Amino acid sequence: MRISEFAVEQWMNEYEETCRYNLAETCVRSLTTGELLDLSGRREEVLTELAATPLTYGPIAGSPRLRTLVAGLYSTQSPDNVLITHGAIGANALVHATLVAPGDHVVAVVPTYQQHYSIPDSYGARVDRLPLREDHDWLPDLDALDRLVTSDTQLIAVNNPNNPTGALIDEAGLTRIAEIARRVGAWVLCDEVYRGVDQHGHGFTTSIADLYERGISTGSMSKPYSLAGLRLGWIVGPTELLADVATHRDYTTISVGRIDDLLACVALEHKDAILARSHRITRTNLAILDEWVSGRDDISYVRPASGTTALLRYTAPIGSYDFCTRLLKDTGVMFTPGAAFDIEHTVRIGFADDTETLRTGLRLVGRFLDQLDSLA
């Protein structure tokens with residue numbers, strides 16, 4: 001199998017450990033183990049439970065406790081509809097491996113996480129990309145999607161909330177996608193790794209798994225739950241699909257780590273406290289970003305409705321890799337080049353990490369832009 005280089009991950013791997021101000025981070029500010037224990041209000045009980053945990057293989061599909069908690073994040077799912085994976089990245093890869101064969105037709109809504117078009121392309125599928133448009137608020141043209149989907153379409157891949165734009169397809173839009181897929185019997189894979197931090201209300205939009213009998217949701221503890229270090233995710237979907245996925249999973253995963261499983265249980269048993277923290281951070285920080293963008297003539301964006309990222313368009317006449325490399329060298333601030341998503345003259349910002357880092361980074365970016373403008 002030959003596969004394209006993963007542009008975003010290669011960029012992150014190159015710079016995220018050495019930059020001074022990481023405005024490319026996509027997780028809500030990560031919790032320490034101590035902070036998780038404090039938020040749970042059960043520090044001593046959890047430590048006792050950890051001390052008694054045997055460091056052997058855990059339940060293959062994930063512990064019943066964890067699968068029950070994950071099912072509780074959805075409206076109509078049971079633990080049998082949940083399979084635990086090594087992160088959402090593992091979940092997405094397993095779904096594609098299970099459903100996509102050479103010659104199959106796949107429609108991927110882009111920009112998105114590169115897995116959703118590069119993996120099926122590497123399997124020999126025919127991949128059509130439906131590009132989101134800035135003048136359509138980065139939301140999919142569902143009439144165009146309907147025209148792309150044919151009788152041999154096997155899979156529609158969507159990312160909601162969207163990475164990198166923060167756009168959010170509402171329940172009506174997801175229902176229409178389900179209707180389009182149902183017309184031809186296609187599966188819908190919805191990468192919902194950012195689900196839970198909508199800018200309004202309780203933070204959760206309806207999941208495709210609750211709307212469509214062939215809807216598949218992938219998620220993880222990484223983004224809204226601030227626990228990327230657990231490397232723990234899940235697939236939610238029909239039991240017959242999960243049985244097929246488990247066949248592929250046997251070749252890559254025995255079980256997730258028992259400590260990871262336990263700490264994910266602790267987090268989800270106290271998700272209200274964790275999500276309250278995440279909502280406070282994402283909503284406070286987006287307001288800061290919004291004020292900064294509004295004050296500049298050389299930056300524009302569609303304000304995110306959810307998630308932790310936004311796509312900023314700049315007017316400087318240089319490519320985004322050059323822009324981000326020079327920005328890093330001159331200021332220590334890290335963005336992700338929009339060209340990694342095939343959208344030039346943009347950068348992706350992750351706005352949900354430390355608030356003071358965001359303020360400082362934006363101030364330095366402003367000075368950098370002013371210097372670029374003076375040289376133009």
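## A walk through the predicted model

Ile60 is partly exposed, with 43% relative accessible area. This is a predicted model, so keep that in mind for everything below. Ile60 sits in the loop between α3 and α4 (64–71). Together with Tyr57 and Ile254, Ile60 makes up a nonpolar patch on the surface, and the three share about 320 Å² of accessible area.

**Inside: the nonpolar cores**

In soluble globular proteins, nonpolar side chains tend to be buried together. Here the largest nonpolar core counts 40 residues, and the ones with the most contacts inside it are Leu289, Trp292, Leu312, Phe323, Phe335, Ile349 and Leu362. Several elements chip in two or more residues each, among them α1 (7–15), α11 (271–294), β10 (309–314) and α12 (320–331). Also on that list are β11 (333–334), β13 (346–350) and α13. Helix α13 gives the largest share, seven residues.

If you want one residue to click on in this core, try Ile349. Leaving out neighbours within four places in sequence, Ile349 is in contact with Leu23, Leu289, Thr308, Thr309, Ala310, Leu312, Phe335, Leu358 and Leu362. Apart from this core lies another one of 27 residues, including Val109, Ile156, Val184 and Val302.

**Salt bridges**

Side chains of opposite charge can pair when their charged atoms come close. Searching the whole structure turns up 20 salt bridges. Three of them are listed here.

| Salt bridge | N to O distance |
|---|---|
| Arg42 and Glu269 | 3.9 Å |
| Arg126 and Asp152 | 2.4 Å |
| Arg359 and Glu356 | 3.5 Å |

Start with the pair Arg42 and Glu269, whose side chains meet in a salt bridge. Arg42 is in the loop between α2 (33–40) and α3 (43–51), while Glu269 belongs to helix α10 (residues 258–269), so this pair ties together parts that lie 227 residues apart in sequence. Glu269 is partly exposed, at 33% relative accessible area. The two also belong to a network of salt bridges that links Arg42, Glu45, Glu49, Arg65 and Glu269.

Next comes Arg126, which forms a salt bridge with Asp152. This pair links distant parts of the chain, 26 residues apart: Arg126 is in strand β4 (residues 126–131), and Asp152 is in the loop between α7 (142–148) and β5 (153–159). Both ends are partly exposed: Arg126 has 41% relative accessibility, and Asp152 has 40%.

The pair Arg359 and Glu356 stays within one helix. These residues are three apart in helix α13 (residues 355–375), which means about one helical turn separates them. Arg359 is partly exposed at 41% relative accessibility, and so is Glu356 at 48%.

**Two buried polar residues**

Is His116 buried or exposed? His116 counts as buried, with 0% relative accessibility. You'll find His116 in helix α6 (residues 115–122). The side chain of His116 makes a polar contact with the side chain of Asp191, at 3.0 Å. Not counting neighbours within four places in sequence, His116 is in contact with Asn92, His96, Ala108, Ala157, Leu189 and Asp191.

Gln114 is in the loop between β3 (105–110) and α6. At 8% relative accessible area, Gln114 is buried because the cut-off for that label is under 20%. Beyond residues up to four places away in sequence, Gln114 touches Ser4, Glu5, Phe6, Ala7 and Ile119.

**Backbone oddities**

Where do the cis peptide bonds described here fall? One runs from Val110 to Pro111, with omega near 5°. Pro111 is in the loop between β3 and α6. Another joins Asn163 and Pro164, with omega about 25°. Pro164 is in the loop between β5 and α8 (171–184).

Positive phi turns up in residues other than glycine, too. Asp137 has phi near 60°, and lies in the loop between β4 and α7. Asp137 is partly exposed, at 45% relative accessibility. His345 has a positive phi of about 60° although it isn't a glycine. This histidine, His345, is in the loop between β12 (336–337) and β13, and counts as partly exposed at 31% relative accessibility.

Key. Residues are numbered from 1 along each chain as its sequence is written. This is a predicted model: local features need pLDDT of at least 70, side-chain atom pairs count only at pLDDT 80 or more; totals for chains, interfaces and linings use all residues. Side-chain values use heavy atoms; hydrogens and water are left out. A salt bridge is a side-chain nitrogen of Lys or Arg within 4 Å of a carboxyl oxygen of Asp or Glu. Helices (H or I, at least four residues) and strands (E, at least two) are DSSP runs, numbered from the N terminus. Buried means under 20% relative accessible area, exposed over 50%, partly exposed in between (1.4 Å probe, protein chains only). Patches are made of residues with over 30% relative accessible area and no salt bridge: like charges are joined within 9 Å, nonpolar side chains (Val, Leu, Ile, Met, Phe, Trp, Tyr) within 5 Å. Accessible areas come from the Shrake-Rupley method with a 1.4 Å probe; for residues, only the protein chains shown count as cover. A polar contact is a pair of N or O atoms within 3.5 Å; within protein, one must be able to donate a hydrogen and the other to accept it, and residues adjacent in sequence count only if both atoms are side-chain atoms. Contact means heavy atoms within 4.5 Å. A nonpolar core is a set of buried Ala, Val, Leu, Ile, Met, Phe, Trp, Tyr and Cys residues joined through side-chain atoms within 4.5 Å.
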